[in-house]
Amino acid sequence: MHCILSSLALCTLPFSGPIDAGPTHSGPIHSGPTIVLPSTPHVGGVEWEHGSLDAAIAKAKDRGTMCLAYFWLDGSEQSGKLYQETLSNEAAHAPLSKMVCYSAKHSDTTASLFEKFKIKTVPTLLFLDGNGVAQDGIAGFIPLPKFLAECERIQAGKGTLRDLQYRLSQTDDESPEGIKARWLVAGKLLDLQDVAGHDLHMEK
């Protein structure tokens, strides 16, 4: 199974102490660690929501699309790199504009969201459905070509949590296909930090 959440270049977020921001840029070219995600549409019409995540999810549900939640940390080299090289690239505007994009910069205000979704690394991208359930995710920096491929897969509903759960529902639990399908669902749940859900499927 392709576990995109086990991506490269991760910055660990310990919940019990200060966040390890990892290496930071020092040169003028890389002033990106202090990221300012625009709250109004820029080139390509991509708009980043900064207020309530629940409101962003509700907007996505009304539009019949997904909410892309971008969890990041000011001072994180990989957060800056992901935004500068991937998310703000003109080629990424098409898939991003199909979703409601939400910026969750780590702060006292958003700390509860990091806890809720068990975000352990920055940057992390979560693809949330209209009910706020994470269907897929990307942890760490991802190059533009791979990001575009992942967006295409996820927006097509292939290999997402819902897709894998549906496949499982169409199999006999005790058949080889059913066992494989159950493992795939368990793996996706673990990728999304749902340890209880993972354990439940593995105990069957």
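Buried means under 20% relative accessible area, exposed over 50%, and partly exposed in between, with a 1.4 Å probe and protein chains only. Helices (H or I, at least four residues) and strands (E, at least two) are DSSP runs, numbered from the N terminus. This is a predicted model, in which local features need pLDDT of at least 70 and side-chain atom pairs count only at pLDDT 80 or more, while totals for chains, interfaces and linings use all residues. Residues are numbered from 1 along each chain as its sequence is written, and side-chain values use heavy atoms, with hydrogens and water left out.

**Exercise 1. Describe helix H7 and its surroundings.**

Step 1. Start with the span: H7 covers residues 176-191, 16 residues in total, and reaches 23 Å from its first C-alpha to its last. That is close to the expected 22 Å, where the expected span is 1.5 Å times one less than the number of residues.

Step 2. Next, list the buried residues of H7: Gly178, Ala181, Arg182, Val185, Ala186, Gly187, Lys188, Leu189 and Asp191.

Step 3. Now look for what covers them. The cover includes strand E7 (134-139) and the helices H5 (144-155), H6 (161-169) and H8 (195-203).

Step 4. Take one residue of helix H8, His198. His198 counts as buried because its relative accessibility is 17%. Leaving aside residues up to four places away in sequence, His198 touches Ala186, Gly187, Leu189 and Leu190; a contact means heavy atoms within 4.5 Å.

Step 5. Finish just past the helix, where Gln193 takes a positive phi of about 70°.

**Exercise 2. Work out the salt-bridge network around Asp136.**

Step 1. Apply the rule: a side-chain nitrogen of Lys or Arg within 4 Å of a carboxyl oxygen of Asp or Glu. The count comes to seven salt bridges.

Step 2. Arg153 forms a salt bridge with Asp136, with the closest N and O atoms 3.0 Å apart. Arg153 lies in helix H5 and Asp136 in strand E7, so this pair ties together parts that are 17 residues apart in sequence.

Step 3. Lys188 and Asp136 also meet in a salt bridge, at 3.1 Å from N to O. Here Lys188 lies in H7 and Asp136 in E7, so the parts tied together are 52 residues apart in sequence.

Step 4. Glu150 and Arg153 meet at 2.6 Å, N to O. They are three residues apart in helix H5, separated by about one helical turn.

Step 5. Check burial: Asp136 has a relative accessible area of 2%, Lys188 3% and Arg153 18%, and Glu150 is buried too. Together, Asp136, Glu150, Arg153 and Lys188 are linked in a network of salt bridges.

**Exercise 3. Trace the open sheet.**

Step 1. Five strands form the sheet in the order E2-E4-E3-E6-E7, with mixed pairing. Strands E2 (48-49) and E7 stand at the edges with a single partner strand each, so one side of each is left without a neighbour in the sheet.

Step 2. Strands pair if DSSP finds at least two bridges between them. E3 (67-72) and E4 (100-105) pair in the parallel sense over six bridges, and E2 and E4 are parallel over two bridges.

Step 3. Match residues: in E4, Ser103 is the bridge partner of Tyr70, and Cys101 is that of Leu68. Trp48 stands opposite Cys101.

Step 4. Check cover: five of the six residues of E4 are buried.
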